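Okay everyone, thanks for coming. Let me put the structure up on the screen, and then we can walk through a few spots together.

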Amino acid sequence: MPNPLSDLSAVRRPITHAQGLPNAHYTDAGVFEEEKQALLFSQWAGLAAEADVPEPGDAVPMSFLGVPLLLIRDKQGQVRVFQNTCRHRGMILVEEPRKIEGAIRCPYHSWCYATDGRLVSTPHVGGPGQNTHDGIDRATLGLIEVRSHLWFGVVWINLSGDAPAFEVAMSDLLQRWSEFDHPLFHGGAESRFQLEVDCNWKLAVENYCESYHLPWVHPGLNSYSRLEDHYHIEQPGEYSGQGTLVYRQIRDENGDVFPDFEALSNKWNTAAEYVAAYPNVLLGVHRDHAFAIILVPDAVGHTTEHVHIFYARPSTDEGLRARNAQQWKTVFEEDIFVVEGMQRGRLAPGFDGGRFSPAMDGPTHLFHDWVAGKLETHRAQSRAAE
């Protein structure tokens, strides 16, 4: 049964009469569990950066909403995601990031798997000295692979396994940013950082979607890319965000800038765009760099933001990269007090989700409407299954 604190009827109204999501969607553990299934497991969610496993054999264990996963680049160079559990007794296979030199060996009974997931060794499974058994079919006992896709430097996963193909699910965004369909080169150690934020993950999405807050929260950014220079980006069911007509390239002491992506149209000489790709990846594109923020919902009231910055060339100036990363880190840190303040505000029992500015809050309302629609579908399916 749906949580009685989570009535979504007012959320689905047109923006002129809609309310925001009820408080329970930011504070209630039961609703958080619902949203895991309806919004995160059933969609193409961001897990990590492809650059986390740069070389064949690189393996990184991670947890996504409690599910133990193993991100690995197999010996053929393909990035894969597996459940990080042995098919024998469910033992965790890899505890720390490392290079897999041979096979992935279970520390419990030493069953071994190739980096492409095949079960290749089952010592003593048929008794001492007997490494095979008619009841153990290795061909059907490989690691459980999670459906994954690489795009924009991000490893996207669909844990439920039944989402539309990535190219279908993200078709409009792929078309919108087709000019950036070039290799993205991760900027390295100084181009990755993470922020720990005491808020529900959706508040990070909502804040990123809109430009309304710029004059007060980002006065430095607003000094040259003003509120009036921004426009809404809205694609129902897929993404929403904002764009600016004024993008100022970062320069070093000599006036040098990063190289541009190739063959961009004139629009990108001065423009930049920032979208939240539902459910949990925040993306930004500019003529000379791009970034991805992967939101990991650690708990109902805590989120880790993993930030990765990419460039058009594999080699760019280290000092300029560091300056660019610090500039973006400052901007993103300026948002923390806002999202944490909204999280605390959701503990007020009289707050009814709030009202939207029809002129300024369209991207956020679109996200709320998507959340509500997915939850309504999930609840209907749950009732039918009962």
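So, to get going: is Gln242 buried or exposed? Before I answer, keep in mind that this is a predicted model.

Right, Gln242. Its relative accessibility is 8%, and the cut-off for buried is under 20%, so Gln242 counts as buried. If you want to find it, look along strand β14, which covers residues 239-244.

What does Gln242 touch, leaving out residues up to four places away in sequence? There's a run of neighbours at Tyr208, Cys209, Glu210 and Ser211, and then Leu214 as well. Gln242 also touches His230, Tyr231 and Ile233, and finally Glu273 and Tyr274. Pick out Glu210 from that list for a second: its backbone oxygen sits 3.1 Å from a polar atom of the Gln242 side chain.

Okay, on to the backbone. Which residues does a cis peptide bond join? Here that's Tyr278 and Pro279, with omega at about 10°. You'll find Pro279 in the loop that runs between β15 (272-277) and β16 (281-285).

Then there are a couple of positive phi angles. Take Ser110: not a glycine, and yet its phi is positive, about 70°. Ser110 belongs to the loop between β6 (104-105) and β7 (112-113). Phe152 isn't a glycine either, and its phi is positive at about 60°. That one is in the loop between β9 (147-151) and β10 (154-158). And is Phe152 buried or exposed? With a relative accessibility of 6%, Phe152 counts as buried, loop position and all.

Last topic, the cysteines. Quick reminder for anyone who needs it: a disulfide is a covalent bond linking the sulfur atoms of two cysteines. How many disulfides turn up when you search the whole structure? Zero.

Let's look at two cysteines to see how that plays out. For Cys112, the nearest cysteine sulfur belongs to Cys106, and it's 8.6 Å away; a disulfide needs the two sulfurs within 2.5 Å, so Cys112 is in no disulfide. Cys199 isn't in one either, and its nearest cysteine sulfur, the one on Cys209, is 13 Å off.

And where do those two sit, buried or exposed? Cys112 is buried, with a relative accessible area of 12%. Cys199 counts as buried too, at 0% relative accessibility.

That's my tour, so over to you for questions.

Notes: Residues numbered from 1 in each chain as written. Predicted model: local features only at pLDDT ≥ 70, side-chain atom pairs only at ≥ 80, totals over all residues. Heavy atoms only, no water. Helix = DSSP H or I, 4+ residues; strand = E, 2+ residues; numbered from the N terminus. Buried < 20%, exposed > 50% of the residue type's maximum accessible area, 1.4 Å probe, protein only. Polar contact = N/O pair within 3.5 Å; in protein donor to acceptor, adjacent residues only side chain to side chain. Contact = heavy atoms within 4.5 Å.
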